[in-house]
Amino acid sequence: MKKVFIAAMALGLSYGGFAKGKESKIEFVEYDLPNGLHVILQEDHSTPIVAVTVLYHVGSKNEDPQRTGFAHFFEHLLFEGSENIERGEYFKLVQNNGGSLNANTSFDRTFYYEILPSNQLELGLWLESERMLHAKIDQEGVETQRGVVKEELKQRNENTPYGSILNEVYAHAFVEHPYRWTPGGSPEYINQAKMEEFLDFYATFYVPNNATLSIAGDINVEETKKLIDKYFSTIPKGTKEIPRPTIVEPIKTAEVRDTVYDNIQLPAVVQGYHIPAQGTPDYYAASMLSTLLSQGESSRLQKNVKDEKEEAVFVGSFMIPSEDPGLALMFGIANMGVAPEQLEKSINAEVEKVRKELITEEELTKLKNQTASDFVSANGRVAGLAENLANYHVYFGDANLVNTEIDRYMKVTREDIQRVANKYFTPENRVVLYYLPKAQQK
């Protein structure tokens, strides 16, 4: 399935306008079934569509280090069909009824969704209940998806320029925490796994007490509750202990540097800084720092490194939100004739400016405008809203953050941004990788 790591857009919405618009609070209902399934329902009749989503609280960090890639593999495997759905019919059933569907896997979760005309709500519920209760896990499906996943990873990591960056950065940045491997995992481990291992993984994680069913769009809440009861209430609660890693990555005291040779024409500089987990106060300031550096044509890296110095054809900074402490990434592709050392120097200079000098009041206002814009945009589609409600419940234990998390960003001060720059964006807290063309490898 397609992965989307970065999605950001600025709509020019002022924070003042956003504050006035907060009267239109997103209303939703949530409750638990006796089997542990958490349900979130958001009713909105503005368009005749509905998003049916299920978030399983299992990602690559829950895997056995000798069986990495299981969560991503299951993302594929659970489209194979069920006891009542023929192999390959998931997509046909949805598409033939005017809908779309997909899934994605991260370090912390696996997420499935269908976007359907609202008169097909029951179809989406049936499909997801079948996935949860009757998934077809057999030798034919496993062998089919082994080939699919292997080819996907090859295309992404070997045949795509700079495609291995996430794998390399996380492997260099983490030595103990399971974030040291990325969701793609290793196809070798999938090849080695026995059928009983796949069945055990399914029985452990794909159970109602490890799932959140989030539905948004053109629904009637009371009627939807009846349908949910029909399709999900009889699914047995999982009986296996759900493993949650408690490993804490040691604090870094020295910079990690390395060189990666790839099928590329232009060198690249990649940096990864250790940052706190999403939801912590420092995370919000670090996120706004990342926006300052790279979001929009007037951002500091874009303006100073790419446009004025012309040292990069692309340069950016972005956060990858994670349940445990993770990374903020910076990535620059050098312009023709520019050495990676020079590009790195210029990127570091922009970070150093934030460490030494307070950003301007004008910059802070713009950051808050951009953040408010992104916040509104993320909840502007039924699929995005259903996903955000599930995320807030699973990661924070508070789905109402869909209405209030923006306030945490708005409390960030110029001093907070400077403080996190000095605390986290330091040489001893980072990984630096040079990506060089294979032709330069000795």
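A residue counts as buried here when its relative accessible area is under 20%. Keep that in mind as you click around, and remember that this is a predicted model.

**Stop one: helix α14.** Select residues 382-396, which make up helix α14. This helix has 15 residues and reaches 21 Å from its first C-alpha to its last, close to the 21 Å expected at 1.5 Å a residue. Is it enclosed or open to the outside? Since 12 of its 15 residues are buried, α14 is largely enclosed by the rest of the structure. Try showing side chains for some of the buried ones, including Leu385, Asn388, Tyr392 and Tyr395.

**Stop two: the neighbours of α14.** Now add what those buried residues pack against. Among the strands you'll find β2 (38-43), β3 (49-56), β5 (110-117) and β6 (211-217). Two helices join in as well: α13 (361-378) and α15 (401-410). Before moving on, click Gly397, just after α14, where the backbone takes a positive phi of about 70°.

**Stop three: strand β10.** Jump to residues 326-334, the span of strand β10. How many of its nine residues are buried? The count is nine of nine, so to speak a mostly covered strand.

**Stop four: the partners of β10.** Select 268-275 to bring up β8, which pairs with β10 in the antiparallel sense over eight bridges. Look for Ile275 in this pairing, standing opposite Gly326. Next, select 312-319 for β9, also antiparallel to β10, with seven bridges. Here Gly316 stands opposite Phe331. To finish, trace the chain from β9 to β10: a hairpin joins them through six residues.

Definitions and conventions
Residues numbered from 1 in each chain as written. Predicted model: local features only at pLDDT ≥ 70, side-chain atom pairs only at ≥ 80, totals over all residues. Heavy atoms only, no water. Buried < 20%, exposed > 50% of the residue type's maximum accessible area, 1.4 Å probe, protein only. Helix = DSSP H or I, 4+ residues; strand = E, 2+ residues; numbered from the N terminus. Pairing = 2+ DSSP bridges. Expected span 1.5 Å × (residues − 1). Contact = heavy atoms within 4.5 Å.
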